[in-house]
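Colleague: Could you take a close look at one helix for me, and walk me through what surrounds it?

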Amino acid sequence: MRSKSTSSLVRGLRVGAAAVALSAMAVLSGCESSQNPRVVDESERITTAGLDIQDIERFARELTEEMIAAGVLGEDDGPSDVLLREYLNDTRESGITRERVVFPIMTTLFRSSVARPFDAEDPDVLEKVDEAIFAGRELGDLYDFTLKVRLYEDTARLGKTRQVSYIIQLELIDITTPDGIPRSAWLDQRTITKQEPRASLGL
């Protein structure tokens, strides 16, 4: 027959082993859940003190939709040919690539029935433009409009707080005017402002 002390020791070892097993299961469960990504809605999305590319992509798409709705593009003879000729990132956000900004603009135009978009950085488009210019032709002989995309920022400071406004601007330029002088046919912009303590911005 086991002594009481031996029985107590056995029970203690069993309880300890069970506790270790439960702890291990909890750790494994936590690791497993952290390795399974999930889709989050807009309210849960992580934002930064800098420029969020998701915001710029959304603004670029919304601005293009507004440009289409303005009724400037498309006439009786069919969709307008639009050349995205100029892109400028005048911010300190080097992680914002041209492709991420231009893509929603080009796809929105492409899906519309009023425009045929062309990118000046496309090698085929660039070759076509160079050949036309070399032959003495005007850019308006090839396209109806050019499109300019610009990103820039405005910074303000008040005490220990720094405020940064990031602006995306789209301008549609008519290059087929009767007098041959290009003129702005549509222009709009979107702004997102972020305000953070100076320490969190690395200042």
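Modeller: Sure: in α3, the buried residues (under 20% relative accessible area with a 1.4 Å probe, protein chains only) are Arg98, Val101, Val102, Pro104, Ile105, Met106, Thr107, Thr108 and Leu109. This is a predicted model, so local features need pLDDT of at least 70 and side-chain atom pairs count only at pLDDT 80 or more, while totals for chains, interfaces and linings use all residues. Residues are numbered from 1 along each chain as its sequence is written, and side-chain values use heavy atoms, with hydrogens and water left out.

Helices here are DSSP runs of H or I, at least four residues, and strands are runs of E, at least two, numbered from the N terminus. α3 has 14 residues and spans 20 Å from first C-alpha to last, close to the expected 20 Å, which is 1.5 Å times one less than the number of residues.

What covers its buried residues? The cover includes α2, β1, β2 (115-119), β3 and β4. Take Ile105: beyond its neighbours within four places in sequence, it is in contact (heavy atoms within 4.5 Å) with Ala60, Thr64, Leu84, Leu147, Val149 and Leu170.

Ile105 also belongs to the largest nonpolar core, a set of buried Ala, Val, Leu, Ile, Met, Phe, Trp, Tyr and Cys residues joined through side-chain atoms within 4.5 Å. That core has 30 residues, and Ile105 is among those with the most contacts inside it, as are Val101, Leu73, Leu147, Ile168 and Leu172. Elements giving two or more residues to this core include α3 (98-111), α2 (53-69) and β3 (145-158), with α2 giving the largest share, 6 residues.

Note on methods
Buried means under 20% relative accessible area, exposed over 50%, partly exposed in between (1.4 Å probe, protein chains only).
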